[in-house]
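Please look over the model below. The report that goes with it is brief.

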Amino acid sequence: INPDHALAHEYLGLVAQASMADTTDAVYHLERAVLLDPQRWGAWGELEKIWLRQGLARRLERCAKHALLRANGTPHEARWWVVLTRIYAMHLDDAERAGFALSHVQQFASVAAELPGLRELVAKLGQPAPTSRPVRGRAAASVADRAFINAGCLVARGDADERTAAVYAAHVATRSPRMVQPLSSFHWELCKDPDDDSDLGELIEKLAPALMAASPMTLAELEVEPGTELSLSELPSGFANVFSYAHASLSAPPVPVYPRPDLGSQVHIAVAATPLLLAGDDALTSPDRPELMFHVARALSFARAGRAIATSRPARQLRAMVLAAYAEAVGTDPFFVDPSCVPMQAHLHRMSASERKDVGELAVRVLVSQPNLNLSRWARAVVRTANRVALLYAGDVVAAARATRDLGGNVEELLTFAASDTHLQMRAELGLATG
C-alpha cells in the first residue's frame, strides 16, 4: 500500500474536511492529491472552495500552475488552462494573464465549449479576448524549429549522422538570439523544475537576511579583490551587451560584476552581503555567443537572494532556519523541533516582528504541505530551472549542453526539456524559433 498515493490523499482530505472545523489537514491532503495526480478533480473542487472561502486566490493560482506543469502533454492540460483563465478573470482581476491563459485554451478542441463563457469573462476585464485559433502542440512549433532542436539534441549526445549534423549547422546562429519581449512570470513557471517549489522559494527569499547573517561571507573568502567591481561602461562590449539584455529581460535585481580570472568561461552568482556576479577572464572577453548567453542568463536567474543562497549555503543550514521560523510561529521550543535550529533563533530575531510573523506563517504552510522537507532536493531543482532558463536564452542546444556538462549538470535532463513541446512552444511565443 502506498500512503502517498493521490487517491489516498483525496480520500483523507475529503474525510478531514467533513469532520473537522480546522481545514489544515484537509488542505494538506487535497493539495497533495492534486499535485500527485492532476486529474483528481474532486480534490481540486474541494480545495478551491476552501481557499476561496479564506480569500487565498493567489495560493489557488500557484497550485493550479503546479498542476498544469505536471499535466503538460496529457489530456488534462486543456482543463487546467481553463481553470487558470477563470482564476485570473474571476478572482485576481488580472486581464493580461487571463488573456494569456485564454490564448492557450483556444488551442484545444476538447474545451471548445468553454470558449464563449471564458471570452466574456476576459472581455469584462477590458482585455480584448483573442479570437485566433493557433494549432496546438507539435504543429504549433514550426517544422524547421523542431527539426533544428531535435538535430541539436542528437549532436549534443554524439548520435548525429551527417545529415542530422547538417540540419543543425544550417540553422545554428553565431550570435545569441533576442526575445521579442521580456521573460514573463508565466514563461518562468513553465521553465521551472517540478521540485522548484514556489512557496519554499518565497520563504528562503524572506529568510535571506537572517541566513546571510548566520553564515556571512567576505569578498576575500570568495577570492574576489575588493575595489575590482566593473561598471557597465568598464565591461568589454560583448559581455556588456549580453549582460544588459539578460539582466533586463529577466527583470533581475541590481547585481555588481566582479572579475574572477580562474573561472575561465564560466559566470557564477555568489553571496557576500548581497548577491554578486563573478565572471572568468574568458567569459569577460568573449564575443556575443550562445555559450556566453547561457552562462550569463543562468547566473542571473540566481540573482534574487533566495535563489542565490540555495546554491551557496548548505542545505542543513537552510533547513535549520526554516524550522526555527516554524518553531517561532507555533510557539514551540526550537530544541524540541530540531536542536539544529536553536542557534538560528538569534539571527531570526534580527528581523522585525512583522517580518517574523510573515515568515512564520509561510514556514507553517511549507511544512504542512511538505512534512518531509528536503532542502537539498529543492536546491538541485533550482539549478535545473536555471539550466532550462539559460537554454531558452542561448537558443543553441549544443552550446547549452556543452556548458551544462562543464558545470557538472545533468545534460540528459536538459536535452529532454529541450525537445519538449513546452520548450518549443515558448520559443515560438518569444520569437526565438527558426523557420
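The report takes the sheet, then the pockets, then the salt bridges.

## Basis

This is a predicted model.

## The sheet

Three strands form an open sheet. Their order is β1-β3-β2, and the pairing is mixed. β1 (257–259) and β2 (267–271) are the edge strands. Each has a single partner strand, so one side of each is left without a neighbour in the sheet. Neighbouring strands are turned against each other by 35° on average, direction ignored.

β1 and β3 (residues 275–279) run parallel, joined by three bridges. In this part of the sheet, Pro259 stands opposite Ala279 of β3. Helix α12 (residues 237–249) packs on the sheet and touches β1, β2 and β3. The direction of α12 makes about 145° with that of β3.

## The largest pocket

The largest pocket holds about 760 Å³ of space. Its lining has 28 residues. Nearest the centre lie Trp188, Glu189, Lys192, Arg304 and Arg307. Four elements give two or more residues to this lining: α4 (57–71), α10 (185–191), α11 (198–214) and α15 (305–312).

What classes of residue make up the lining of the largest pocket? It has 13 charged residues, eight polar and seven nonpolar.

## The second largest pocket

The second largest pocket has a volume of about 590 Å³. It is lined by 24 residues. Closest to its centre are Arg32, Leu35, Ser369, Gln370 and Arg377. The elements that give two or more residues to this lining are α2 (24–36), α4, α11 and α20 (375–394). Both α4 and α11 are thus named for the largest pocket and for the second largest.

Which element gives the largest share of the lining of the second largest pocket? That element is α2, with five residues. By class, the lining of the second largest pocket divides into nine charged residues, eight nonpolar and seven polar.

## Salt bridges

Side chains of opposite charge can pair when their charged atoms come close. The whole structure contains 25 salt bridges.

One salt bridge joins the side chains of Glu10 and Arg40, at 2.7 Å from N to O. This pair links distant parts of the chain, 30 residues apart. Glu10 belongs to helix α1 (residues 6–19). Arg40 sits in the loop between α2 and α3 (41–53).

Note on methods
Residues are numbered from 1 along each chain as its sequence is written. This is a predicted model: local features need pLDDT of at least 70, side-chain atom pairs count only at pLDDT 80 or more; totals for chains, interfaces and linings use all residues. Side-chain values use heavy atoms; hydrogens and water are left out. Two strands pair if DSSP finds at least two bridges between them. Axes are lines fitted to C-alpha atoms, for helices over the stretch in contact, and angles run from 0 to 180 degrees between N-to-C directions. Contact means heavy atoms within 4.5 Å. On a 1 Å grid over the protein atoms alone, a cavity is a set of points where a 1.4 Å probe fits but cannot get out, and a pocket is an open set with protein on both sides within 12 Å along at least five of seven lines; lining residues have an atom within 4 Å of a point. Grid points are joined across faces, edges and corners, and a volume is the space filled by probe spheres set on the points. Ala, Val, Leu, Ile, Met, Phe, Trp, Tyr, Cys and Pro count as nonpolar, Asp, Glu, Lys and Arg as charged, and the others, Gly among them, as polar. A salt bridge is a side-chain nitrogen of Lys or Arg within 4 Å of a carboxyl oxygen of Asp or Glu.
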